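Colleague: Please take me through the central sheet of this model in detail, with the contacts and the opening that go with it. Give me the cut-off for each term as you use it.

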Amino acid sequence: QNIGKHIVPIIPDEARTFGMEGLFRQLGIYAPSGQLYEPQDSETVSWYREDSRGQILEEGITEAGAISSWLAAATAHANYGVPMIPFYTFYSMFGFQRVGDQLWAAGDSRAKGFLMGATAGRTTLNGEGLQHQDGQALLFAAAYPTCLAYDPTFGYEVAVLIQQGIERMFAKGEDLFYYITLQNENYPHPEMPQGAEEAIGRGLYLLQQGQGEGPVVQLMGSGSILREVLAAADLLATDFQVRADV
């Protein structure tokens, strides 16, 4: 309730792909003149709604335009003394690959906010062929000095990173911005291991400890591959009596 009006959700075109259409009715899409036509999905529960008081920036198919809106909100604290918290959600493949120069400018301009790389990793979303099967966006993001890049797998990791990010950027005043990947597949999300928050922020924490006797190995993974790492730990324990800490 205290910071909600400072949140800026930004989407280029794929709100329904990302399951975000529920925000249309709740927050509205910003349009200075309001809704001037009847949307084709007006008979549905989550119809497209434009509003002069809308909070979502729906920029259409323009990554350059969307990241410009993000940059404007992300630097409002420096330019206008009004801290805004922008969340730009996009196909992970089409982020740093397409607007990398603008994101360098973001770092130079003291930008603060979140870039959410949706449908990340080489997962089951084939989309328009291999161009959606992202294998490098996280590496691009990690090269930017003021960008903290994370590749979480589970919902609690995302929640911790956003909470820590808001604290670091807006409570402690650090000039940073975050890139967080979001996965595509449906899978179980476990409870957070007790006391893992700080280690999640550092980028490495003990998710699962191997049980029993025998040799011990450490397996590491993140993002879309982590569930395969968990499966590998089970295989090692069952077939080879090797304990694996993940």
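Modeller: I will go through the strands, then the charged side chains in the loops, then the pocket.

This is a predicted model, in which local features need pLDDT of at least 70 and side-chain atom pairs count only at pLDDT 80 or more, while totals for chains, interfaces and linings use all residues. Residues are numbered from 1 along each chain as its sequence is written, and side-chain values use heavy atoms, with hydrogens and water left out.

The sheet is open and has six strands in the order β4-β1-β5-β6-β8-β7, with parallel pairing. Strands here are DSSP runs of E with at least two residues, helices are runs of H or I with at least four, and both are numbered from the N terminus. Two strands count as paired if DSSP finds at least two bridges between them. In general, strands of a sheet pair through backbone hydrogen bonds, either parallel or antiparallel. The edges of this sheet are β4 (57-58) and β7, each of which pairs on one side only.

Strand β6 is a good place to look inside the sheet. Five of the five residues of β6 are buried, so the strand is largely enclosed by the rest of the structure. Buried means under 20% relative accessible area, exposed means over 50%, and partly exposed is in between (1.4 Å probe, protein chains only). From β6, Phe 114, Met 116 and Ala 118 point one way, and Leu 115 and Gly 117 point the other way. Strand β5 (residues 85-91) runs parallel to β6 and is joined to it by five bridges. One of the pairings sets Phe 87 against its bridge partner in β6, Phe 114.

At the β7 edge, four bridges join β7 to β8, and the two run parallel. Across that pairing, Tyr 150 stands opposite Ile 180 in β8. Strand β8 also holds Thr 181, which counts as buried because its relative accessibility is 3%. The side chain of Thr 181 makes a polar contact of 2.5 Å with that of Asp 151. A polar contact is a pair of N or O atoms within 3.5 Å; within protein, one must be able to donate a hydrogen and the other to accept it, and residues adjacent in sequence count only if both atoms are side-chain atoms.

The loops that precede β6 and β8 are linked by charged side chains. Side chains of opposite charge can pair when their charged atoms come close. A salt bridge here is a side-chain nitrogen of Lys or Arg within 4 Å of a carboxyl oxygen of Asp or Glu, and the count by this rule comes to eight. One of them joins Arg 110 to Asp 175, with the closest N and O atoms 3.0 Å apart. Arg 110 is in the loop between α4 (96-108) and β6 (114-118), and Asp 175 is in the loop between α6 and β8 (177-181), 65 residues apart. Both partners count as partly exposed, Arg 110 because its relative accessibility is 38% and Asp 175 because its value is 31%.

Asp 175 also meets Lys 112 in a salt bridge, at 3.7 Å from N to O. Lys 112 lies in the loop between α4 and β6, so this pair ties together parts that are 63 residues apart in sequence. Lys 112 is buried, because its relative accessible area is 5%. Through the shared partner, Arg 110, Lys 112 and Asp 175 form one network.

Strand β7 also takes part in the largest pocket, as one of the elements that give two or more residues to its lining. The volume of this pocket is about 480 Å³. On a 1 Å grid over the protein atoms alone, a pocket is an open set of points with protein on both sides within 12 Å along at least five of seven lines; a cavity is a set where a 1.4 Å probe fits but cannot get out, and lining residues have an atom within 4 Å of a point. Grid points are joined across faces, edges and corners, and the volume is the space filled by probe spheres set on the points.

The pocket is lined by 25 residues, and those closest to its centre are Gly 203, Leu 204, Tyr 205, Gly 221 and Ser 222. Besides β7 (147-150), the elements that give two or more residues are α6 (155-171) and α7 (197-202). The largest share, three residues, comes from α7. By class, the lining has 15 nonpolar, six polar and four charged residues. Ala, Val, Leu, Ile, Met, Phe, Trp, Tyr, Cys and Pro count as nonpolar, Asp, Glu, Lys and Arg as charged, and the others, Gly among them, as polar.
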